[in-house]
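Biologist: Please take a close look at a single part of this model. I would like the surface patch and the salt bridges around it.

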Amino acid sequence: MAALWWRRRRLPGAAGLCRTARALSGKPEYDLLVIGGGSGGLACAKEAAQFGRKVAVLDYVEPSPQGTKWGLGGTCVNVGCIPKKLMHQAALLGSALKDAQRYGWNIAHPVHHNWSEMAQAVQNYVKSLNWGHRVQLQDKKVKYFNVKGSFSDPHTIRGLTKGGKEGNYIMLLVNISLREQTFFETILTAEKIVIATGGRPKYPTHVAGALEYGITSDDLFWLKESPGKTLVVGASYISLECAGFLTGIGLDTTVMMRSIPLRGFDQQMASLVTEYMESYGTKFLKKCIPTKVEKLESNRLHVTWKNTDSGTEEADSFDTVMWAVGRAPDTKALNLEAVGVKTNSETGKIIVDASEATSVPHIYAVGDITEGRPELTPTAIAAGKLLAQRLFGQSSELMDYDNVPTTVFTPLEYGCVGLSEEKAVQCYGSDNIEVYHAFYKPLEFTVAERDATQCYMKMVCLREREQRILGLHFIGPNAGEVIQGFALGIKTIKQVWEKEDAPQRSNL
């Protein structure tokens with residue numbers, strides 16, 4: 001029998017020998033090193049390994065200010081798409097129970113929801129995905145390091161342990177007759193490096209008590225007990241999705257919006273989304289900004305805010321305050337300046353070209369950390385795979401970021417692909433735009449006599465020639481599934497149009 005374990009130790013002499021040996025070899029240890037174990041990074045690493053390359057992944061989760069942490073898989077798996085959609089499904093089931101009586105089901109009332117039971121089931125599933133990702137990396141012979149990566153030079157990454165110090169490790173192989181010690185230090189060199197560290201929620205640090213008493217989506221999905229009466233600050237899709245499922249499972253939920261909902265999305269559709277949420281039971285504080293959060297002796301949170309329309313100050317108490325005021329790229333620990341990787345000074349995101357290359361030729365970036373890319377898991381996965389194929393598989397195919405469908409999982413879902421009406425007008429002028437639209441009533445709403453006032457779809461087209469479709473927007477049940485099929489058709493038609501236009505462009 002043999003046992004294998006790791007423990008931390010400081011061995012300055014051994015560390016020096018290790019660096020010398022590596023320097024003398026003159027060749028980087030890995031063909032590809034990926035910093036970040038989220039959707040894009042893992043996809044890139046696993047695809048590169050398929051070409052027989054030596055690949056490593058570094059992933060480390062900095063605990064949230066409230067101490068929440070999670071495993072391998074990134075935002076989507078742990079604190080994003082997966083737990084969000086499962087809790088959204090829990091809320092939809094609550095609505096279905098109300099409809100069921102109209103369809104002949106005898107449901108005993110009142111119906112109660114158990115947060116702890118739901119949270120435990122969701123968290124157990126997420127943990128199974130964490131384990132699955134580790135197994136997949138092992139099966140594909142991708143080396144996984146649970147350390148925080150930072151650039152030492154353009155080809156060298158220095159790993160940091162959970163304690164925040166350089167990690168010197170001893171690997172002990174223990175046998176009945178043999179005890180061998182092999183030194184291992186987390187200084188890694190690679191021919192090519194991919195940055196895929198994603199982003200983390202922002203805190204409004206200018207608001208007194210925000211950091212001390214508030215939570216974000218990094219924490220909500222890992223709460224063991226119900227958040228109770230909740231104030232969600234922000235008008236982003238994260239804010240509305242979380243407020244939607246909290247309302248759906250029976251919690252008193254309020255959304256505080258500074259300005260418009262779903263900035264960047266079609267505003268007519270965004271208004272319909274919030275109108276439905278209000279009819280669904282979510283409260284809205286519009287044109288309001290928080291100024292202070294205080295903890296009461298009862299452990300409730302007393303929130304003070306200013307109404308920017310009236311100029312008045314108002315206040316109320318909540319059990320939980322959740323901030324959903326945007327996300328920031330997770331780049332602080334990377335030491336990008338030292339190696340010359342350029343970022344957008346305003347957003348902090350990494351600037352990349354069409355091939356995902358940064359300003360340093362052999363360093364690439366994919367996913368939410370990149371400037372001008374949609375913050376969507378499927379695009380990060382596709383971009384990561386295509387990057388690996390170009391680097392190691394003799395492919396030249398680039399990621400197509402046009403007409404990528406997306407869905408907002410609010411109580412009444414909103415799916416869209418292409419341009420919003422506002423963006424289409426901005427690009428082509430209002431006189432050149434034709435909008436086809438219709439309200440409709442889903443069949444499942446009929447017997448249940450549910451209000452379908454906000455069930456709506458519209459198609460934004462160019463007036464000229466064959467009226468090219470610029471954008472399609474749909475609000476209603478299963479919007480995510482509906483929009484996928486239309487997106488495929490729109491993308492295919494666009495490719496046909498581009499081929500037809502190519503001769504005309506070449507003659508200009």
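**Helix α13 and its surroundings**

Modeller: Valine 447 sits in helix α13, residues 443-448. Helices are DSSP runs (H or I, at least four residues), strands likewise (E, at least two), numbered from the N terminus. The model is predicted: local features need pLDDT of at least 70, side-chain atom pairs count only at pLDDT 80 or more, and totals for chains, interfaces and linings use all residues. Residues are numbered from 1 along each chain as its sequence is written, and side-chain values use heavy atoms, with hydrogens and water left out.

Valine 447 is partly exposed, at 40% relative accessible area. Buried means under 20%, exposed over 50%, partly exposed in between (1.4 Å probe, protein chains only). Val447 joins Tyr103 and Trp105 in a nonpolar surface patch of about 360 Å². Patch members have over 30% relative accessible area and no salt bridge; nonpolar side chains (Val, Leu, Ile, Met, Phe, Trp, Tyr) are joined within 5 Å, like charges within 9 Å. Areas come from the Shrake-Rupley method with a 1.4 Å probe; for residues, only the protein chains shown count as cover.

Now the salt bridges. Aspartate 99 pairs with arginine 450, closest N and O atoms 3.1 Å apart. The pair links distant parts of the chain: aspartate 99 in helix α4 (residues 81-100), arginine 450 in the loop between α13 and β23 (456-462), 351 residues apart. A salt bridge is a side-chain nitrogen of Lys or Arg within 4 Å of a carboxyl oxygen of Asp or Glu. Aspartate 99 is buried, at 14%. Arginine 450 is partly exposed, at 21%.
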